[in-house]
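Biologist: Before we discuss any single residue, could you put the model in front of us, so that we can go through it in turn?

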Amino acid sequence: MESTSFIRFLFLILAAVVLLLFTRSWIHNPSPAADELDLPDCNRFSSWCTSKNRIQTKQTTPSTTRSSVSSSAAVRDHSDDVPHHPLDPLTLREISAARSILLSQPPFSSSPSSVIFHTLTLSEPDKSSVEAWSKGSPLPARRASVVARFQGESYALTVDLASGALTTLPIPASGFPTMTIEDMSSSTWAPLSDAAFNSTVLARGVRLSDVACLPISPGWYGEKEEGRRLIKVQCYSAEGTANFYMRPIEGLTVLLDMDTKEVVSISEQGRGIPIPKSAGTDYRYEAVAGFNDDPPRLGLKPISIEQPAGPSFEMEEGGHMVRWAGWEFHLKADARAGVVVSRVRARDPDTGEWRGVMHKGFVSELFVPYMDPTDAWYFKTYMDAGEYGFGLQAMPLVPLNDCPRNAHYMDGVFAAADGRPYVRENMVCIFERYAGDIAWRHSESPITGMGIREARPKVTLVARMAASVANYDYIIDWEFQTDGLIRVKVGLSGILMVKGTPFSHLNQFPENEDIYGTILSENVIGVIHDHYITFHLDLDVDGANNSFVKVKMEREETNPGESPRTSYLRATRQVAKTEKDAQIKMKLYEPSEFHVINPSKTTRVGNPVGYKVVPAATAASLLDHDDPPQRRGAFTNNQIWVTPHNESEEWAGGLFVYQSKGEDTLAVWSERDRAIENRDIVLWYTLGFHHIPCQEDYPIMPTVSASFDLKPVNFFESNPILSAPPNFEKDLPVCVAAAASA
């Protein structure tokens with residue numbers, strides 16, 4: 001080794017040790033007084049702004065898209081926030097107060113610096129209290145829900161912010177809480193303090209200064225992995241590109257004790273596999289534009305939706321209640337779920353009454369199994385909400401690109417591992433969308449002699465968040481339509497997780513060898529994988545007590561001589577009595593509709609009022625039900641489940657997902673086969689993707705989307721937008737490009 005390389009090696013080792021000491025001492029700082037507010041942000045506390053990626057130094061050259069910040073995305077001061085609604089998230093002061101209360105009481109008071117906060121969020125009041133509350137009334141008691149680790153043990157508690165009382169709750173039999181950002185970031189650096197790891201990396205031709213690592217949840221594969229929090233770390237070369245994901249140090253896996261940062265073992269299965277090239281992997285605008293002095297714009301001219309009179313939606317005081325075009329709902333960011341939509345009500349166009357549709361909806365869990373059973377890949381079966389925190393991975397949205405110019409932004413207020421609050425800016429955006437779609441139309445044929453041409457534009461309201469869970473980006477849209485429909489859409493983008501290979505062309509692979517994916521570029525394989533996103537949908541259609549109805553479409557044969565037709569379709573309604581009646585697997589040739597009705601409320605002609613789940617494209621898991629990842633992800637065994645409402649059953653993979661065995665999942669709860677007819681019920685829907693990578697996904701993926709609808713079915717007496725006005729030229733603004741008006 002040359003002297004300069006040796007000096008660099010020593011320097012990096014020293015830097016890694018210092019960083020580990022810093023991060024571990026940071027988490028063990030003494031707690032401040034109850035009224036002391038410490039508001040970190042992404043500029044001052046970088047470890048709270050990383051995801052599954054390594055900690056990276058702040059770039060001095062801003063990204064092109066990041067520089068275009070509109071006034072609507074301005075920094076907001078949350079230091080004086082107070083709650084205005086029972087479901088409003090904890091404020092900065094409330095988080096600090098909850099932290100102080102918990103640290104002042106046994107057993108935590110014996111060593112406050114040893115407490116690690118994995119969750120500190122609002123413990124929502126029970127549904128009846130929320131439903132009974134009205135604007136201007138006193139709020140129900142404010143409580144915090146806390147999941148913490150203390151001296152090797154996990155705790156689940158509620159903290160009464162007024163009385164200071166702690167209530168201890170039961171915890172699952174297996175598993176650990178969601179990782180903290182500090183868990184993830186410090187784990188990526190820990191291997192650098194191990195000489196054997198460094199020697200292995202250098203032997204693969206990668207400089208330690210170019211190493212970028214990811215912390216990978218290990219799943220559960222037997223008793224030998226129980227008893228301590230483990231994490232697997234795999235690394236990449238960032239030399240020559242920001243897209244280090246395309247340059248894996250294939251086959252190198254470090255098993256790490258997440259609490260002690262001890263390297264338990266190192267597996268090296270990739271000797272002889274080269275590091276893929278960096279050329280052509282960078283996706284940043286300045287890097288791509290650098291190939292051409294005048295980069296192509298695909299022939300597109302700038303486009304933007306302008307609202308000179310302002311938006312049509314209103315944000316009530318407190319910034320969480322939204323009203324728009326006959327809709328009212330509560331919206332907030334959540335560290336685990338990402339975004340939560342609650343108290344959804346629609347205004348009846350005939351009576352003006354606000355009617356209940358859904359009490360609460362959110363992403364409950366994600367399950368992302370990769371289809372490679374080899375040593376360095378078999379454990380890659382992520383559960384991004386319960387293991388990493390879907391909301392914790394949400395990055396600030398990019399104005400004009402993630403959201404249009406007319407968007408309003410909402411921040412998330414979360415607690416760090418030491419319990420102190422911080423703000424995730426611009427985490428959610430809300431905007432009106434018009435894409436030229438049609439709300440309804442009809443034109444009469446000339447043969448009728450009636451010159452009727454009627455059409456109405458479709459304008460919708462979108463609440464959006466995007467989570468960057470390491471390489472993958474998930475875009476979640478809750479889209480409200482004026483006709484009473486809610487469309488929930490999931491977009492997938494970002495970067496593939498790829499596998500290194502010694503081969504650079506398809507014809508070089510041995511015949512009949514399973515490569516577990518698609519060769520995308522020289523020495524790069526995109527591994528086949530699935531995405532499952534399970535939604536918790538607490539529908540309360542015109543009240544809490546509802547029933548689930550499966551409306552089966554079945555072929556009926558006509559009697560001989562009855563009709564020229566020999567067959568037709570008949571709808572048969574089956575009301576689910578218990579949970580097992582409502583476990584639904586989609587079948588193309590056994591079509592059904594899935595209604596949630598209120599049996600005690602009917603229309604004027606006698607139909608029960610309801611909403612139906614309308615699936616679009618989706619996918620089902622094909623894994624063996626006894627495969628360890630599928631045991632943990634058994635909530636994907638069906639596309640629809642219905643359970644009785646239970647405050648403790650919110651997370652489809654269980655409260656503690658990390659290294660869990662799968663004993664506390666939606667599939668387990670549903671096996672109790674509880675009564676669900678005319679009860680307060682929750683519908684769970686899983687939206688799925690099978691992903692066979694292709695070259696168009698390289699080096700970054702165009703967004704692919706899927707969705708489902710919650711659609712009114714006999715909820716209104718007639719078309720609720722019958723009286724919607726058309727657009728008239730005189731009402732629309734005339735926009736002039738800035739260059740043209742200069």
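Modeller: A residue is called buried when its relative accessible area is under 20%, exposed when that area is over 50%, and partly exposed in between. Please keep in mind throughout that this is a predicted model.

Biologist: With that cut-off, is Asp542 buried or exposed, and what is its relative accessible area?

Modeller: Asp542 sits in the loop between β25 (529-539) and β26 (545-557), and its phi is near 55°, a positive value in a residue other than glycine. Most residues other than glycine have a negative phi. Since buried means under 20%, Asp542 counts as buried, its relative accessible area being 14%.

Biologist: What is the relative accessible area of Gln659?

Modeller: Gln659, which is not a glycine, also has a positive phi, of about 60°, and it is placed in the loop between β30 (640-644) and α9 (666-670). Gln659 is buried, with a relative accessible area of 5%.

Biologist: What share of the residues in the protein chain is buried?

Modeller: The protein chain has 10 helices and 32 strands, and among its contacts between residues at least 6 apart in sequence, 70% join residues at least 24 apart. Of the 742 residues in the chain, the buried share is 51%.

Biologist: How many of the 12 residues of α2 are buried?

Modeller: Helix α2 (residues 92-103) reaches 17 Å from its first C-alpha to its last, close to the 16 Å expected at 1.5 Å a residue. Its buried residues, including Leu92, Ile95 and Leu103, pack against several strands, among them β1 (115-123), β3 (153-160) and β16 (421-433). The helix is largely enclosed by the rest of the structure, because the number of its 12 residues that are buried is 10.

Biologist: Which residue follows α2 in the loop to β1 and has a cis peptide bond from Pro106?

Modeller: Most peptide bonds are trans. In the loop between α2 and β1, however, the bond from Pro106 is cis, with omega near 0°, and it leads to Pro107.

Biologist: Which residue offers the backbone nitrogen that the side chain of Glu250 reaches?

Modeller: Glu250, found in strand β7 (residues 248-257), is buried yet has no salt bridge, and the nearest side chain of opposite charge, that of Lys499, is 5.4 Å away. A salt bridge would need a side-chain nitrogen within 4 Å of a carboxyl oxygen. The side chain of Glu250 does reach a backbone nitrogen at 2.8 Å, and that nitrogen belongs to Gly500.

Key. Residues are numbered from 1 along each chain as its sequence is written. This is a predicted model: local features need pLDDT of at least 70, side-chain atom pairs count only at pLDDT 80 or more; totals for chains, interfaces and linings use all residues. Side-chain values use heavy atoms; hydrogens and water are left out. Helices (H or I, at least four residues) and strands (E, at least two) are DSSP runs, numbered from the N terminus. Buried means under 20% relative accessible area, exposed over 50%, partly exposed in between (1.4 Å probe, protein chains only). Contact means heavy atoms within 4.5 Å. The expected span of a helix is 1.5 Å times one less than its number of residues. Lys and Arg count as positive and Asp and Glu as negative; His and the chain ends are not counted. A polar contact is a pair of N or O atoms within 3.5 Å; within protein, one must be able to donate a hydrogen and the other to accept it, and residues adjacent in sequence count only if both atoms are side-chain atoms.
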